[in-house]
Amino acid sequence: MENTKDLNLLRMKQLIIRYITSIAILGTTALFAPNFNFESFPTLLLAAFTMVVLDYLVATVTGIHDNPTGRGIVGFVAATVIIYMTQFIVSGYYISILSSIIAALIYGVIDYFIPNED
């Protein structure tokens with residue numbers, strides 16, 4: 001029972017870190033990447049939240065983050081698709097394919113350092 005509580009706490013911490021990371025990545029990428037913008041700060045927050053939820057769903061269904069390969073090229077491709085697809089869910093968030101690739105590269109490097117041990 002205690003082990004489950006610790007696991008849930010770890011997962012909650014991971015989601016919070018991913019949310020903060022997503023906000024930072026999207027904000028930074030919007031400054032430097034071509035064809036990427038968002039209308040307002042609340043749009044950025046909503047886009048980051050959407051990314052975290054989609055990432056969590058994809059990871060849960062596919063188990064992408066459970067092995068080193070998943071955190072590598074497969075995770076990069078999934079992150080690129082998630083970052084790009086978010087524009088179809090969040091109004092006021094626009095990103096090109098190139099910008100989503102740049103954001104996924106940054107996200108992947110930072111994600112590597114987020115603890116993922118169960």
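Modeller: Before we start, a nonpolar core here is a set of buried Ala, Val, Leu, Ile, Met, Phe, Trp, Tyr and Cys residues joined through side-chain atoms within 4.5 Å. Keep in mind, too, that this is a predicted model.

Colleague: Got it. Which residues of the largest nonpolar core touch the most other members?

Modeller: That core has 19 residues. At least two residues come from each of α1 (2-32), α2 (41-62), α3, β2 (93-95) and α4 (97-112). The ones touching the most other members are Leu26, Phe36, Met51, Ile83 and Tyr93.

Colleague: Let's put that in context. What pattern does the chain follow, read along the sequence?

Modeller: There are four helices and two strands to place. Taken in sequence order, they give α-β-α-α-β-α.

Colleague: And how much of the chain do buried residues make up?

Modeller: For a residue to count as buried, its relative accessible area has to be under 20%. The chain has 118 residues, and the buried share of them is 38%.

Colleague: Back to the core, then. Which residues does isoleucine 83 touch, not counting those up to four places away in sequence?

Modeller: Isoleucine 83 is one of the core residues that touch the most other members. Two more from that group, Met51 and Tyr93, turn up among its own contacts. With sequence neighbours up to four places away left out, the full list is Met51, Tyr93, Ile95, Ser100, Ala103 and Ala104.

Colleague: Now the rings. How are tyrosine 19 and phenylalanine 49 arranged as an aromatic pair?

Modeller: The structure holds four aromatic pairs, and a pair like this is described by the distance of the centres and the angle of the planes. For tyrosine 19 and phenylalanine 49 the centres are 6.4 Å apart and the planes make an angle of 80°. Planes over 60 degrees apart count as edge-to-face, so this pair is edge-to-face.

Colleague: How many residues apart are tyrosine 19 and phenylalanine 49?

Modeller: The pair joins distant parts of the chain, with tyrosine 19 in helix α1 and phenylalanine 49 in helix α2. Both are partly exposed, tyrosine 19 at 25% relative accessible area and phenylalanine 49 at 48%. Their separation along the chain is 30 residues.

Colleague: What about phenylalanine 36: buried or exposed?

Modeller: Phenylalanine 36 pairs edge-to-face with phenylalanine 38, at 6.5 Å centre to centre and 65° between the planes. Ring pairs also bring Tyr93 into a cluster with Phe36 and Phe38. Phenylalanine 38 is partly exposed at 24%, but phenylalanine 36 has just 4% relative accessibility, so it counts as buried.

Colleague: Any charged pairs inside? What is the N to O distance between arginine 18 and aspartate 55?

Modeller: The structure holds one salt bridge, and it links arginine 18 in helix α1 with aspartate 55 in helix α2, 37 residues apart. Arginine 18 has a relative accessible area of 5% and aspartate 55 has 9%, so both are buried. The N to O distance is 3.6 Å.

Colleague: Over to glycine 92. Which residues is glycine 92 in contact with, leaving aside neighbours within four places in sequence?

Modeller: Glycine 92 lies in the loop between α3 and β2, and its 2% relative accessibility makes it buried. Threonine 43 is 49 residues away in sequence, yet the C-alpha atoms are 6.4 Å apart. The contacts of glycine 92 are Asn37, Phe38, Glu39 and Thr43.

Colleague: How far apart in space are glutamate 39 and glycine 92, C-alpha to C-alpha?

Modeller: Glutamate 39 is in the loop between β1 (36-38) and α2, and at 58% it is exposed. Leaving aside neighbours within four places, its contacts are Gly92 and Tyr94. Glutamate 39 and glycine 92 are 53 residues apart in sequence, and their C-alpha separation is 5.1 Å.

Colleague: Last one, the surface. Which residues make the nonpolar surface patch of about 660 Å²?

Modeller: In soluble globular proteins, nonpolar side chains tend to be buried together. Isoleucine 73, in helix α3 (residues 70-85), is exposed at 56%. It belongs to the patch, whose members are Ile73, Val74, Val77, Val81, Met85, Phe88 and Ile89.

Technical notes: Residues are numbered from 1 along each chain as its sequence is written. This is a predicted model: local features need pLDDT of at least 70, side-chain atom pairs count only at pLDDT 80 or more; totals for chains, interfaces and linings use all residues. Side-chain values use heavy atoms; hydrogens and water are left out. Patches are made of residues with over 30% relative accessible area and no salt bridge: like charges are joined within 9 Å, nonpolar side chains (Val, Leu, Ile, Met, Phe, Trp, Tyr) within 5 Å. Accessible areas come from the Shrake-Rupley method with a 1.4 Å probe; for residues, only the protein chains shown count as cover. A salt bridge is a side-chain nitrogen of Lys or Arg within 4 Å of a carboxyl oxygen of Asp or Glu. Buried means under 20% relative accessible area, exposed over 50%, partly exposed in between (1.4 Å probe, protein chains only). Contact means heavy atoms within 4.5 Å. Rings of Phe, Tyr and Trp (its six-membered ring) pair if their centres lie within 6.5 Å; planes under 30 degrees apart count as stacked, over 60 as edge-to-face and the rest as tilted.
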